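Q: Could you take one spot in this protein and walk me through what surrounds it? I'd like the close-up first and the wider setting afterwards.

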Amino acid sequence: METSNKIRAIITGATGMVGEGVLYQCLLSDKVEAVLIINRKPGGFTHPKLKEIIHADFFNLRPIEDQLTGYNACFFCAGVSSVGMSEEAYYKVTYLLTLHVAEILSRINPDMTFCYVSGAGTDNSEKGRVMWARVKGKTENDLMKLPFKQVFNFRPGFMKSFKGAKNTLSFYKYIGWMYPLGRLIYPKGFVTLEEVGKAMINTVNRGAGRWILDGNDIVAMARE
């Protein structure tokens with residue numbers, strides 16, 4: 001692929017709420033010239049600058065590895081809730097899968113910026129009582145050790161979806177009325193998916209001055 005100063009992004013998790021929101025912003029942005037989404041099932045998205053790869057096993061990317069070169073950004077939005085999961089199962093799909101994909105991308109695209117959707121309350125000490133927070137913390141810490149150009153860990157709290165979204169979690173639909181009040185009272189904990197997507201795009205181009213971005217940082221980075 002030819003390289004340029006515009007963003008060529010790989011997005012994981014586009015069939016989920018956050019990934020769909022980030023994808024939508026990438027397709028709208030003139031800063032992004034190409035987007036590759038990797039899904040286990042068709043996402044139903046079409047756009048002139050969008051390519052989709054259907055691939056079931058993220059732990060074996062060898063069959064598609066040659067299609068992952070030439071990109072300078074990865075917006076890693078794939079993830080699962082820890083509710084009802086054992087630590088072993090959550091660790092596998094959160095830490096092991098993320099690091100496996102990231103290690104391959106850092107090897108074949110050393111000029112890549114990697115943006116990881118973590119979560120508010122993540123525990124970088126890896127020693128806290130909350131299982132998911134420890135696992136996310138270890139994931140963040142070990143992503144920073146990979147030879148990417150830049151790594152940013154995004155820690156949003158509540159995320160407001162957008163009109164027309166196909167993958168908004170039902171939980172968010174029921175409590176969406178809380179957003180205006182929550183943003184007013186505790187702005188750090190409430191962002192929009194539009195802000196998350198724009199912030200990721202802007203960190204690739206401008207950097208952020210820090211490797212962990214909370215809600216306030218996301219809002220600030222989303223501004224043009």
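What follows starts from one buried threonine, Thr98, and works outwards.

A: Sure. One thing up front: this is a predicted model, so read every number below as computed from predicted coordinates.

Thr98 sits in helix α2, which runs over residues 87-108. Its relative accessible area is 2%, so with the cut-off for buried at under 20%, Thr98 counts as buried. The side chain has a polar partner inside the chain: it reaches the backbone oxygen of Thr94 at 2.5 Å. If you skip the neighbours within four places in sequence, Thr98 is in contact with Phe76, Tyr116, Thr139 and Leu143.

Two of those contacts, Phe76 and Tyr116, also pair with each other. The structure holds four aromatic pairs, and the Phe76–Tyr116 one is tilted, with 6.2 Å from centre to centre and 45 degrees between the planes. Phe76 belongs to strand β4 (residues 73-76) and Tyr116 to strand β5 (residues 113-117), so this pair ties together parts that are 40 residues apart in sequence. Both partners are tucked away: Phe76 is buried with a relative accessible area of 1%, and Tyr116 counts as buried at 1% as well. The two rings are also members of an aromatic cluster, formed by Phe76, Phe114, Tyr116 and Phe148.

Tyr116 takes us to the next stop, Asn153, since Asn153 touches Tyr116. Asn153 is found in strand β6, residues 150-154, and it counts as buried, at 0% relative accessibility. Leaving out residues up to four places away in sequence, Asn153 touches Tyr116, Glu140, Leu143, Met144, Trp211, Ile212 and Leu213. Leu143 is on that list and is also a contact of Thr98. Asn153 is 34 residues from Gly119 in sequence, yet the two C-alpha atoms are 8.6 Å apart in space.

Now the nonpolar surroundings. In soluble globular proteins, nonpolar side chains tend to be buried together. Here the largest nonpolar core has 35 residues, and Val22, Leu23, Val35, Phe75 and Met200 have the most contacts inside it. At least two residues of this core come from each of β1 (7-12), α1 (17-28), β2 (32-39), β4, β5, β6, α6 and α7 (215-222). So what lies apart from it? Another core, of 29 residues, with Leu99, Val101, Phe114 and Met131 among them. Back in the largest core, Val35 is one to click on: not counting residues up to four places away in sequence, Val35 touches Ala9, Ile11, Leu23, Cys26, Leu27, Lys49, Leu50 and Lys51.

Two of the contributing helices deserve a look of their own. Helix α6 covers residues 193-206, and its 14 residues should span 20 Å at 1.5 Å a residue; the end C-alpha atoms are 20 Å apart, which agrees. Most of α6 is covered, with ten of its 14 residues buried. Those include Leu193, Val196, Met200, Ile201 and Val204, but also Glu195, Asn202 and Thr203. Just after α6, Gly207 takes a positive phi of about 75 degrees.

Helix α7 is largely enclosed by the rest of the structure, because six of its eight residues are buried. The buried set is Gly215, Asp217, Ile218, Val219, Met221 and Ala222. At the start of α7, a side-chain oxygen of Asp214 comes to within 3.1 Å of the backbone nitrogen of Asn216.

A few other local details are handy when you check geometry. Glu126 has a positive phi of about 65 degrees even though it is not a glycine. Glu126 is in the loop between β5 and α3 (131-143), and it is partly exposed, at a relative accessible area of 31%. Then there are charges over rings: Arg8 lies over the face of Tyr71, 5.7 Å from the ring centre, while the charged end of Lys92 sits over the ring of Phe59, 5.8 Å from its centre.

Zooming right out, the secondary structure comes to seven helices and nine strands, and 52% of the 224 residues count as buried. Among contacts between residues at least 6 apart in sequence, 66% join residues at least 24 apart. The Phe76–Tyr116 pair, which links parts 40 residues apart in sequence, brings us back to Thr98, which is in contact with both of those rings' residues.

Technical notes: Residues numbered from 1 in each chain as written. Predicted model: local features only at pLDDT ≥ 70, side-chain atom pairs only at ≥ 80, totals over all residues. Heavy atoms only, no water. Helix = DSSP H or I, 4+ residues; strand = E, 2+ residues; numbered from the N terminus. Buried < 20%, exposed > 50% of the residue type's maximum accessible area, 1.4 Å probe, protein only. Polar contact = N/O pair within 3.5 Å; in protein donor to acceptor, adjacent residues only side chain to side chain. Contact = heavy atoms within 4.5 Å. Phe/Tyr/Trp six-rings, centres within 6.5 Å; stacked < 30°, edge-to-face > 60°. Lys NZ or Arg CZ within 6 Å of the ring centre and 35° of its normal. Expected span 1.5 Å × (residues − 1). Core = buried A, V, L, I, M, F, W, Y, C linked by side-chain atoms within 4.5 Å.
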